[in-house]
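User: I've got a structure open on my screen and I'd like to talk it through. Can you take my questions one at a time?

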Amino acid sequence: MQSRARRNDLAPSRHRRENAAVPLTPSLPISRREFLQRSSSALIAGSLAHAADASTLPLVDIHQHTNYGGGRDKVTYAPVLPPPRQDGDLVGHQRALGATQTILLPSGRPVARTSTHQGRANGLDSTCTGNDDCLAVARRHPGEFFFGANEVSDLEDAPAVIEKYLKLGAVIIGEQKFGVECDAPAMRRLYALAADFGVPILLHWQTGSYNHGFDRFHRMLAQYPRTSFIGHAQTWWAHVDAAYVDDQRNLYPRGKVKPGGLTDRYLQDYPNLFADLSAGSGLNAFARDPEHGRAFLERHQDKLLYGSDCTDVNAAPVQCSGARQLAQIKALSPSPAIERKIRYETARKLFRLAG
Ligand SMILES: [Zn+2]
Ligand SMILES: [Zn+2]
């Protein structure tokens, strides 16, 4: 019963954005029983907050954004209230979370075309800003904030734009969150560029919306062995389950996991593939079946990366999926050594960050 209440927190409905903050108060009247369930959930969240805050271990957060989480008009995608999180609040959030090093992932430039769903994907389907903003925050906080390089995948000059920021010190390409086939010529250019610069590329997998063809992705993993790929988001995590049938109406599947899903097999078979644990999709994949989750952490212990990808300001677990994810990693890691790998050791190696 507790788990039911928690699942409601962890698995957003398909109508809610993957990274929207969880509301503090329920919008509908609730029964006494449900109230008690939610209260015990809050107690658990409280103790988890303590656990997360109390850690003195380093933490590399590989997935955050500038100007994140603002409102947008549903038709024109123009900014509306509430305002997005400002840079000062982003820095405060990362420190409250305990992140010692944070990687900021830029959006591409705003354009209306098929690959951006005529503008829906601009701002990474939110209000996130681009290369220059991420670079500026990183420059103000050297050693603490790092930046990625990004552009709309199928714009003619995407490789040139991305290369410019890689030369300025970007540590990753992404977040690639556009409506393109994963094996399209446009994407292949970026995979080759990532290998040339020795940086990973991060893909947001969401059937029907972003990066199409997950069942064919193994061909890219095989054809670009020098490229490090990082998988992220709903379709990526839904496919830990061998019983999952790809479905854009079922992006947060529930219940026990049948081991050996596509994601599991890809991670097993390709040394150049890593997983980003961030957001509601990452939380759900472990919360739905903690026993499987623990075995998954054991199996792929050298390929898992912590990310927050949340929009809140205070890093309080009731709203902050990043804080809940930290607690989940602590709770499910088979050993302290594995927890350290996930929190910072693997990221430091992959991104070549100083310790
Ligand atoms: Zn993101
Ligand atoms: Zn947060």
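Analyst: Sure, here is a short round of questions and answers on the fold, the packing and a few backbone oddities.

User: Before we start, what kind of model is this, and how are things numbered?

Analyst: Residues are numbered from 1 along each chain as its sequence is written, and chains are lettered from A and ligands numbered from 1 in the order in which they are written. Local features need pLDDT of at least 70, side-chain atom pairs count only at pLDDT 80 or more, and totals for chains, interfaces and linings use all residues, since this is a predicted model.

User: How many helices and strands are there in the protein chain?

Analyst: Helices (H or I, at least four residues) and strands (E, at least two) are taken as DSSP runs, numbered from the N terminus. On that basis, the protein chain has 14 helices and 10 strands.

User: What share of the residues in the protein chain is buried?

Analyst: Call a residue buried if 20 or more other C-beta atoms lie within 10 Å of its own, exposed if 12 or fewer, and partly exposed in between, with C-beta atoms placed from the backbone. The protein chain has 355 residues, and the buried share is 50%.

User: Which residues have the most contacts inside the largest nonpolar core?

Analyst: A nonpolar core here is a set of buried Ala, Val, Leu, Ile, Met, Phe, Trp, Tyr and Cys residues joined through C-beta atoms within 7 Å. The largest one has 82 residues. Two residues are in contact if their C-beta atoms, placed from the backbone, lie within 7 Å. Inside that core, the residues with the most contacts are Leu-104, Ile-173, Leu-190 and Leu-305.

User: Is helix H11 mostly enclosed or open?

Analyst: H11 covers residues 279–287, and nine of its nine residues are buried. Among them are Leu-283, Asn-284 and Phe-286. So H11 is largely enclosed by the rest of the structure.

User: How do H6 and H7 pack, parallel or antiparallel?

Analyst: Helix H6 (residues 158–167) and helix H7 (residues 185–197) pack at about 20°, with axes 10 Å apart; the axes are lines fitted to C-alpha atoms, for helices over the stretch in contact, and angles run from 0 to 180 degrees between N-to-C directions. Angles under 35 degrees count as roughly parallel, over 145 as roughly antiparallel, 65 to 115 as roughly perpendicular and the rest as oblique. That makes the H6 and H7 pair roughly parallel.

User: Which residues of H7 make the contact with H6?

Analyst: On the H6 side, the contact uses Ala-158, Pro-159, Ile-162, Glu-163 and Leu-166. From H7 come Ala-186, Arg-189, Leu-190, Leu-193 and Phe-197.

User: Where does Lys-164 sit, and is this residue buried or partly exposed?

Analyst: Lys-164 belongs to helix H6. Its C-alpha is 8.3 Å from that of Ala-149, 15 residues apart along the chain. With 14 C-beta neighbours inside 10 Å, Lys-164 is partly exposed.

User: Which residue follows Leu-81 across a cis peptide bond?

Analyst: Omega is near 0° for the bond that starts at Leu-81. The partner is in the loop between strand S3 (79–80) and helix H3 (87–97). That residue is Pro-82.

User: What is the phi of His-117?

Analyst: His-117 lies in the loop between strand S4 (101–104) and helix H4 (122–125), and counts as partly exposed with 16 C-beta neighbours inside 10 Å. Most residues other than glycine have a negative phi. His-117, not a glycine, has a positive phi of about 50°.
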